[in-house]
Amino acid sequence: MAEFMNLEAQDGVRMPWNVMPGTKQEASTSCVVPVAAIYTPIKSFPNMPLLPYTPLRCRTCRSILNPFSIVDFAAKIWTCPFCFQRNHFPHNYDSISDENLPAELFPDYTTIEYDDRSATGSPTSPPVFMFVVDTCIIEEEMAYLKSSLSQAVDLLPDHSLVGLITFGTFVHVHELGFGEIPKTYIFKGSKDISKEQLLEQLSFFLKKPKPSVGVIAGARDGLSTDAISRFLLPASECQFVLNSVLEELQKDPWPVPADQRAPRCTSTALGIAASLLGACFPGTGARIMAFVGGPSTEGQGAIVSKNLSEPIRSHKDLDKDSAPHFHKAVKFYEGLSKQLVNQGHVLDLFACALDQVGIAELKGAVEKTGGLVVLAESFGHSVFKDSLKRVFQLGDQDLGLAANGIFEINCSKDVKVQGVIGPCASMEKKGPLCSDTVVGQGGTSAWKMCGLDKDTSLCLMFEIVRKENPDGMVPSNSNQFYFQFITYYQHQSGQMRLRVTTLSRRWVAGQGSVQELISGFDQEAAAAVMARLVSFKMETEAEFDPIRWLDKALIHLCSRFGDYQKDSPSSFSLSPRLSIFPQFIFHLRRSQFVQVFNNSPDETAYFRMILNRENVANSVVMIQPSLISYSFHSTPEPALLDVAAIAADRILLLDSYFTVVIFHGSTIAQWRKAGYHTMPEHQAFAQLLEAPHVDADAIVKERFPVPRLVVCDQYGSQARFLLAKLNPSATYNNDAPLPGGDVIFTDDVSFEVFLDHLQRLAIQ
């Protein structure tokens, strides 16, 4: 694993297969796990060079000069490794030689960034934040939300522009540039409003004549700066007014009958926010930050009727296609996502309610624009409050928010791109690189990333199209092939940057290829890719059985790469390079990405959205949580994710990414309740109790969204957060647990039984 983590530390890339099957036929028989890459486009690298000039591109395929280019120093010519086109160096490269290489040809600089201010001449544009706030919530929730928003306003960069829209029965657009008297424009929540109607009703054309329709549709040329600054002002200028408006914000005043839900027009408010930003700031790094506290019941994006007798849709309803509002709402948000992508704007969603708010319907709009998503039970919960602070924090905890990204792929001719699973939208740039098989956002070699941060990761899916030579061998002089990932984005500073990562991998074919394929197999990356792929298939394929699909893939992989004698299960073994992969699949089958029984559609959509944007290390924690044991007998050490890890005199720390659990064994809990840790003679016990809290705090501080922290005791009600993730090796219907241990009340098979079945099926 260490070597693959080193590759990630250098280039931000992890691939399941780091050595590739040499032909299409071998790839189809060998690669049950797809040929893929998980890439973090703007991962932070302390030693990465930043070059202050324009990158040099190949005149045929437009790939960028890189360490794998073949250079003729005498003739001042470089050959592109992708299309073999010979290109002349421009005059500013005249002094290059073996001893005087430009940075982009250094062998170690496979990832490099360009900051070409002189060429673009683009002025830095300030970030824009439009807060869209739900007022159909109880007074207590409103107080929590107002407090968090006031803190967020104080943390905004002074030069950033900020606006405010509130919604309930009606949508209120607040005019912040009119400080003397609070002024709002009100729109009916159940009525759609076009961009033209919106601008006219917001009095944008009182002082200046109305421009042509084309101008309104796509640019701000027709709008005066004075008109825009009524609604979007620099944070330093409107902080007092904005805080005053927030302070006086009240719960939606319209009465709600006892048998009805509040009339909440979420979709209308988001549509108005998108149209206003599209008219004022198209093509700049603008974010709509929506704070929603309940289900939408008005407008085209309604997820349920106002009548309380109608339940909110469940997974069962979606499977049976009996959710009456679902398809209409999804269609509305698809249209909104296209509008936002065209404008280059981001939709962030902060959903805080005990009920569902419609994340399942909003998923496409948030994901395609690269938005952030946070799900919590209340606006007073630390998951929401701390996550919102993290968005605006600077320093070590900085998210590194960037905007206006365009991501492109270039690769050798024997590889084609099937698509991307992750937070991006297709730019429909078709060409010879595009595979006929589409996975995720496919049929293109370029994607729009309206919003991205230093942890945003894309899963790129590839297809091997190389045909076998007549002699069945791959020529030794052509066993290398190349990928180049190009990300053009607006840095936090406001400047446009270009990040280029160029990778080389090699083909293997014929005899001995199995061992070479195994040597380049990255189990963690493979688990992360399979998790994204199974989640994608569950959402897009009607008759898909995820458990059967995962089991078949694992059996095929073990049959192909395992060592065994036919019909002898006891002889079966896997190389250390593959030995943990069955464990990952076992936990993936039981994970919240595959098992939807105990979760709402909103929760499932939320878990998958986070999975689809995180790197390999974080994805693996979501699939197979980490468990650390603390006891008097040893220093903190990793423990098996098994019910056998529970002991009366032990503390366990479980990190399942979304939840961090500190679990006290029964004896430890009794001692703590008796107050032994407060006595001077029991300092060691006090230190033992404190150690997991220190480690849990470190996890919570570095993660976004901030995980839920659960502190519980053995046999307590919240112990379920730990027990649900453990391998059920001791259950109510098999052998008794160890003294002081625990049992799990489940009919699920244990990992040992799962592995036994796997061995029997793999050797057949």
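Trainee: How far apart do the end C-alpha atoms of residues 636–722 lie, and what are the helix and strand percentages of the span?

Mentor: In this predicted model, the end C-alpha atoms of residues 636–722 lie 18 Å apart, and the span is 36% helix and 23% strand. These residues are what UniProt lists, in an unreviewed entry, as "domain: Gelsolin-like".

Trainee: Which residues does UniProt list for "domain: Zinc finger Sec23/Sec24-type", and what are the helix and strand percentages there?

Mentor: The unreviewed UniProt entry gives residues 55–93 for that domain, and over residues 55–93 the chain is 0% helix and 23% strand, with end C-alpha atoms 12 Å apart.

Trainee: Why is strand S21 called largely enclosed by the rest of the structure?

Mentor: A residue counts as buried when its relative accessible area is under 20%, and 7 of the 7 residues of S21, residues 458–464, are buried, so the strand is largely enclosed by the rest of the structure.

Trainee: What makes both faces of S21 covered?

Mentor: In a regular strand the side chains alternate between the two faces of the sheet. On one side of S21, Leu458, Leu460, Phe462 and Ile464 are buried, and on the other side Cys459, Met461 and Glu463 are buried too.

Trainee: How do you know that S3 and S18 each pair with S21?

Mentor: Two strands pair if there are at least two bridges between them. Strand S3 (residues 36–39) is joined to S21 by 4 bridges and runs antiparallel to S21, with tyrosine 39 opposite leucine 458. Strand S18 (residues 415–421) pairs with S21 over 6 bridges, also in the antiparallel sense, and glycine 419 stands opposite methionine 461.

Terms used:
Residues numbered from 1 in each chain as written. Predicted model: local features only at pLDDT ≥ 70, side-chain atom pairs only at ≥ 80, totals over all residues. Heavy atoms only, no water. UniProt positions renumbered as here; feature names shortened; annotations may be inferred. Helix = DSSP H or I, 4+ residues; strand = E, 2+ residues; numbered from the N terminus. Buried < 20%, exposed > 50% of the residue type's maximum accessible area, 1.4 Å probe, protein only.
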